[in-house]
Amino acid sequence: MPLKAKITNPAYQAQAASTASDEYAESKERPGDDPDDVLFNTLYGVRTIQLNRPKKYNALNGSMIRKIIPRLKEYQKSALASIIIIGGAGPKAFCAGGDVSHLASSITKDGDAGRLASKHYFGLEYRLDHLIATYPKPYIAYLDGITMGGGVGLSVHAPIRIATENTTFAMPECGIGFFPDVGGSFFLPRLEGYLGTYLALTSSTLKGVQNLYAGTATHYIDSSVLSNLTSRLAELVFKDYDSLRTRLHIIDRTIEEFNTGLPHDEPPYFARNLRLAIDFCFRNDTLESIITALEKERDSAGAPQQVKDWASATLKTLSEKSPTSLKVTLRAMRLGRNWDTAETFNREYHLAAKFLQHPDFVNGVTARLIHKPATKAKWEPASLSDVKAEDVDRFFSIEEGEESLGLLTQGLDYDRYPFEGDLGLPREEDVERFIKEERKMGRKEVVEAMVGKREGKIGVREKVEEVLARRCGVDGEGNVVWKA
């Protein structure tokens, strides 16, 4: 039975609810867990969660997850808890990812027992990520510093994600013999164009304000005002009947009070010719076709030098990744466009289990993260041509009787982020719809009208101007026309 059918089957839902109850019991702290790796605080209606392993760049482990899940469930029930804010301790990282070095070492040492323990860890992590993705109260993530892998799972599904000048965002899993998990199969395909596929396969980073332009963040402020923002948010009082959307809009306007402007020397990086090249290359459904398209861009006499250099660097980057990871990840990017949040995390749970059985995970983590200095990983197989379609198929096959993830919430799933168009910058589709509805307007009029619609939100002007430059022309009367 396909997983989608299982999820909508009443018998399966009853089983999942029972499993969720069992898994929630397993989500509680255990003897030996570090008592201080997550710190919780209360400030009027705000509840703060601070990841507290700064020497490890706040890398996420089971002890931390077992603290966060019960607190989120507690805050969900409490009438006094209005806003949840998650951040990281120290000046360098929000959360640099899951502690995969520990998992790989466990597999090397304990074999199948280590794989089982690692599978349980991923199940616990994905339940937390899904809980965040479906959380019924305002949940805000401060992406102040390195935000990668497991840290992305704690933040990217939040309705409000605040980037700062310190933010470094990436999904580096293809470089360690894994795949972009923590809901990456959901959020990456839903970034505009094929930017998400590009980020997934190349592990490219987004720094600072580029996260706002790309859609991985909904807001951008200077890190120096985060503590003041927290205090200001604690002053907010919502009406009992205010919907989640209403509360988020109030928070959105409050964050804008702390707007210190955008960096004047950092326009959208993935813009115009480079963005067109990304979409041209990464729209292809096979790695071989992507590589051919990149080679065409690199060798094109008419391509801008920026695009030629980018294509050459991207080809080199892809050659260093696990061939198996690349092909499985590309398949997940295409299938994930049609998954809702529940199916995404269930699918990723099964994918993770398959990768734990594959040699590339231990080889990749050991070479890239455990060895000091890092060494070149030995992938098995070593070339894309040796990874066959049936090899990829096996990662996505789910046998009858395989255990389900056991999600902690039911009935709150979606196939599109419900608040993305309201809180982040306008998406290309928003600009297209506005132009086609308003019909006769010049470029400047379109920009000013869309900035006005968003009450002057920072970044809207720059985003709309970039979309107009890349996707629009003008007719004989100077009116903006959307290019097909």
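Helices (H or I, at least four residues) and strands (E, at least two) are DSSP runs, numbered from the N terminus. The structure is a predicted model, in which local features need pLDDT of at least 70 and side-chain atom pairs count only at pLDDT 80 or more, while totals for chains, interfaces and linings use all residues. Residues are numbered from 1 along each chain as its sequence is written, and side-chain values use heavy atoms, with hydrogens and water left out.

Two pockets are described here. A pocket is an open set of points on a 1 Å grid over the protein atoms alone, where a 1.4 Å probe fits, with protein on both sides within 12 Å along at least five of seven lines; lining residues have an atom within 4 Å of a point. Grid points are joined across faces, edges and corners, and a volume is the space filled by probe spheres set on the points.

| Pocket | Volume | Lining residues |
|---|---|---|
| Largest | About 1,000 Å³ | 35 residues |
| Second largest | About 530 Å³ | 28 residues |

In the largest pocket, V100, P172, I176, R368 and L369 lie nearest the centre. Helices α4 (100–110), α5 and α17 (359–370) each supply at least two residues of its lining.

For the second largest pocket, the lining residues closest to the centre are R190, L191, E192, R427 and E429. Helix α20 provides the largest share of this lining, with four residues; α20 spans 428–438.

F361 touches V100 and I176, among others, not counting residues up to four places away in sequence; such contact means heavy atoms within 4.5 Å.
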